[in-house]
Each structure stands twice: as C-alpha cells, then as structure tokens.
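Got your viewer open? Let's take a walk through this protein, one selection at a time.

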Amino acid sequence: MFSAISASSVRRRGAARLTAAVLVSGLVAVGSLVGAGAATADETPQHQGGASATLDGLKTYDGAVLHTNGKDQQLPAGLFEMTVDGGGKLKTYCIDIHNPTQAQAKYLETPWDQTSLGANRNAGKIRWILEHSYPQIDDLAALAKSAGTGPLTEKTAAAGTQVAIWRYSDGADVDASDAQAEKLAEWLEKGARNVAEPKASLTLEPGAVSGKAGDKLGPVTVRTDADNVTVTPPADTVASGIKITDKDGRPVTSAADGTQLFFDVPAGTTDGVASFGVQATTSVPVGRAFAGVTKSQTQILAGSSESTVSATATANWAKKGAIPALTAQKNCAKGGVDVTATNQGDEPFTFELAGVEHTVEAGGSQTVTVPVGEDEAYDFTITGPGGFSQNFKGVLDCRTTGTPAPETDQPSSHPSPASAGDTPAAGTGGTGDLAETGSSSATPVIAGIAIVLVVLGGGAVFFLRKKKAAAGAE
C-alpha cells in the first residue's frame, strides 16, 4: 500500500550522493547505531533527549462541559499516566483539547518551542497551575482551603486543574461539571502567573559532530537537571580504539550538567560513524511538554517518579573529503523542520534541497528549513559519503486546532474515538483505562480513517544530491 523512494549513495567521497526520501507510512522504526566502522544509522524518532514514554490512558478524572458553537459537549477531564521506557511513571494533563489521543501512543519529552506552547503567551501560567495544584499539592484539604472550594477528591481536583489548563492552553470555554472542581479552576485561572519553561531532563548539544580520524571530535555538552549521568561509549571500543573523553583526553564514564565530551578517534581508523549514549534516573521537571511520535494529543507533565532519561550523540569521521554532521529539530515559527549540516572536512559539501543548491564550505555550517504542513507526518533519510545515513521523523504539531471536531445534534457523553477499552461515560469520575480527553464524538472507525488520511496527506518528498566540488563533474 505504501511506497518509498529508495536512498542511494556512491561510496567514493568525492562523488557521493545525498538523498532524502520521505516514507509515507504510519510505522515507526526505532534503533541507533552504537558501533564504529559502519557508516549508517538506523531510523529513530526525532528526539533531542530526555524521557520517552507510552501512554497508558486517562486514570484520574471527572467531568467537564465544553461550550462551542452554542452547544454544550460533555467530556472527561483529568490526569493521564504514561510508562517511561527503561522505568518510571509520568502523570500529565492535556494541552490540546480538540485532538484525540491514540491508544498506547509513544511520547517524547519536547521543548516548548516545538509544540503549541511556543507561540502561547500564557504557557508560563500553565506551569504555575501545575505547581500550585494536584498532584503537586497532594494535601487536598490544604488545597481546598487555599482555593476556598469546599471538599475536593483526587478526581475533582484533577478535573478542576485540567479545566484551568485548557482555558490557557486552548483558550477553551470550558467548565468543570463538579461545583468544587469549578471553584478550583477559577481560583487557579485567576492566580496564575507566568513562570519560565523548565530545563530539559537530559540533552546533548549538539547531537552530531564530525571530523578527521586522529582528532578529538566535539565538544558535545551535557545538559541535565540530574546530579550525574552515566556515559556509555560506542560498542566494540576495544577493537576500534574509540574512546569518549574530556577535553584533556581522559576517558569519561560519568558526567554532570555542563560537562564537555569528545569522541577520541585514533589516527588510521577506517572512515565511519559511532554513537555514545548518556543516561540517568531522575524526576522529570514539572511543566515539560510531551509530544506524540505520531499524531496524538500533546501533553504537559504534572508529576514524575524517578524515571529513566537518555540522550545520544553521533560522530562521523574520515581521512579526507567532505565530512558532514547532521541534526534536525522542528521549527514551529517557520512551519517546518530545520536540518543543520556542518562540514569538518577539507572539501565543500554541496547538496540540493527542494530545487535549491546549498554549499557548506570546509569548516562551515548551514541550516535549511524543510517545509512541513501542520499535523503532517515527516520521515526522511539523508545518506552521504561512505554509507553515511541519518533519519529524521516525527509529526509537526505546533498549534491547537482552535475548532472542535464536528458534533452531532446531541452532545456526546462518551469519550472521543481514540478511547481505549470499555470505560464509563465522561463525567462519571471513573478511573478506567480511558485514553482521551478531547471533544470529538466520532466513531473509532472514523478516527482510524482520519489517522490514515493525515499520514497520507503528510508526505512530501525531498531530494538532496551530494556533488563533486570540481566544476562540471558529478
């Protein structure tokens, strides 16, 4: 059903091709290169580091009423739970009321500016709400006293908090069904003040470097709120001799925030690519955004157990010629994905993107924005000299819809299409495995078709060709 344009490369560095192909598919391949000598990297969801998790569903919730187009629509409002890859649990609220979640969706810790929060002047108020309400304030009697609400339960506290967040994340006209929950929402909304975005739990900057064998490639700087992180060197380091070191060449096995790390690649090492990883167990900061790998309702962190967080950096090296390093990140302001190419080789690195030729001089860097439509999936692999390959994929989800899904004449009292399992109707305050808090009342079949259409509509094909620096040759 789906097809891809194959990527090819000529192994000789002077005349290699660089090709990017968008794979129109709903499947996500996960993996990473961890060994020297090979010059290709498996496809991985685009992630700058931190926690990755799987959505378990809406667990602690009560009812709310969304007022749109002169109609009232009932829906559940409360806390989701996620299971972190490698261990840990997260609790999150929705910041994307009109979009459904997908059962067992994969989520990645994501900077605000790569989500709808980036253009939301009230984003900091949402973080304030999280810090001043449930579950961060788990003494419900004290919370009720501060807010002047009367008795609160976990369910009504979660619902009131979610309603207050929706008013700032989506500008929604929404009320809590429970009177005490509504009083909490009003108190939180009125008291909210802008607070800065929290730091990432763990990232490496930059995520890719390049250079000549015989040099230390880097630096790659650790950014984390954890006390320390474990550094895992490339696989088969005994055979390759590649080490991860500090600036003085000392091997490093652990690091802290601000530590600079280098790939120490011995002279004479065969041209190739290798990666190292860093990992820690820490509590992810409240207020970090979580975006779906596929199209699924954006979430914001309300609480975290001790959880596994990780990041990876890659190095590409050669003896001569163009030696590229590639990174990518979503650019919500420009509506696309920024692909940054650096060249630490001794020849120019010339490529063509969307009909425009770009040249990165030796020792230079250039960023090209690949246009991607809102809510569209992208998946492209860039290949280059010596079998070099880098894949970037994800969904550009930079805005809330601002418009609810079509409604029937009667407001729905049931969860929207992506709900998982048999659950009670919204507003009953259950704790079932409900995987959605959104306004859609369509059927699961319609939701499935919509997802396929988003994927099919999200394809765009980009071609990049590596050319010889010599005039007239290719």
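How many disulfides does a search of the whole structure find? The search turns up one. Keep in mind as you look around that this is a predicted model.

**Stop 1: the disulfide**

Select Cys-332 and Cys-398, which are joined by that disulfide, with an S to S distance of 2.1 Å. If the term is new to you, a disulfide is a covalent bond between the sulfur atoms of two cysteines. Now look along the S-S bond of Cys-332 and Cys-398: the torsion about it is about -75°, so this disulfide is left-handed. Cys-332 sits in the loop between strand 18 and strand 19, while Cys-398 sits in the loop between strand 24 (389-395) and helix 6 (444-457), so the pair ties together parts 66 residues apart in sequence. Cys-398 has a relative accessible area of 7%, and since buried means under 20%, Cys-398 counts as buried.

**Stop 2: strands 18, 19 and 22**

From Cys-332, move on to strand 18 (residues 324-331) and strand 19, which pair in the antiparallel sense over eight bridges. To see the pairing up close, select Lys-330 and find Val-337 of strand 19 standing opposite. Four residues lie between the two strands in this hairpin, and one to click on is Gly-335, which takes a positive phi near 70°.

Next, select strand 22 (residues 365-371), which runs antiparallel to strand 19 and is joined to it by seven bridges. Here you can pick out Thr-342, with Ser-365 of strand 22 opposite. Is strand 19 largely enclosed or left open? Strand 19 (residues 336-343) has seven of its eight residues buried, so the rest of the structure largely encloses it.

**Stop 3: an open sheet**

Now go back along the chain and color strands 7, 9, 13 and 11. In that order, these four strands form an open sheet with antiparallel pairing. Which strands stand at the edges? They are strand 7 (202-205) and strand 11 (243-245); each has a single partner strand, so one side of each is left without a neighbour in the sheet. Turn the view and look at the angles: on average, neighbouring strands of this sheet are turned by 30° against each other, direction ignored.

Zoom in on strand 9 (residues 216-224) and strand 13 (residues 260-264), an antiparallel couple joined by four bridges. Val-220 is a handy landmark, with Leu-261 of strand 13 standing opposite.

**Stop 4: two rings**

Stay on strand 13 and show the side chains of Phe-263 and Phe-276. The structure's count of aromatic pairs comes to one. The ring centres of Phe-263 and Phe-276 are 5.1 Å apart and their planes are at 55°, so the pair is tilted. Phe-263 belongs to strand 13 and Phe-276 to strand 14 (residues 272-283), so the pair ties together parts 13 residues apart in sequence. Are these rings' residues buried or exposed? Phe-263 is buried at 0% relative accessibility, and Phe-276 is buried at 1%.

**Stop 5: the cores**

Phe-276 also leads us to the last stop. The largest nonpolar core has 82 residues, and Phe-276 is among those with the most contacts inside it, along with Tyr-93, Trp-166 and Val-278. Select helix 3 (residues 154-169) too: with eight residues, helix 3 gives the most to this core. To finish, select Phe-349, Val-360, Phe-392 and Leu-396, which are included in a second, separate core of 16 residues.

Note on methods: Residues numbered from 1 in each chain as written. Predicted model: local features only at pLDDT ≥ 70, side-chain atom pairs only at ≥ 80, totals over all residues. Heavy atoms only, no water. Pairing = 2+ DSSP bridges. Axes fitted to C-alpha atoms, helices over the stretch in contact; angles between N-to-C directions. Buried < 20%, exposed > 50% of the residue type's maximum accessible area, 1.4 Å probe, protein only. Phe/Tyr/Trp six-rings, centres within 6.5 Å; stacked < 30°, edge-to-face > 60°. Disulfide = S-S within 2.5 Å. Core = buried A, V, L, I, M, F, W, Y, C linked by side-chain atoms within 4.5 Å.
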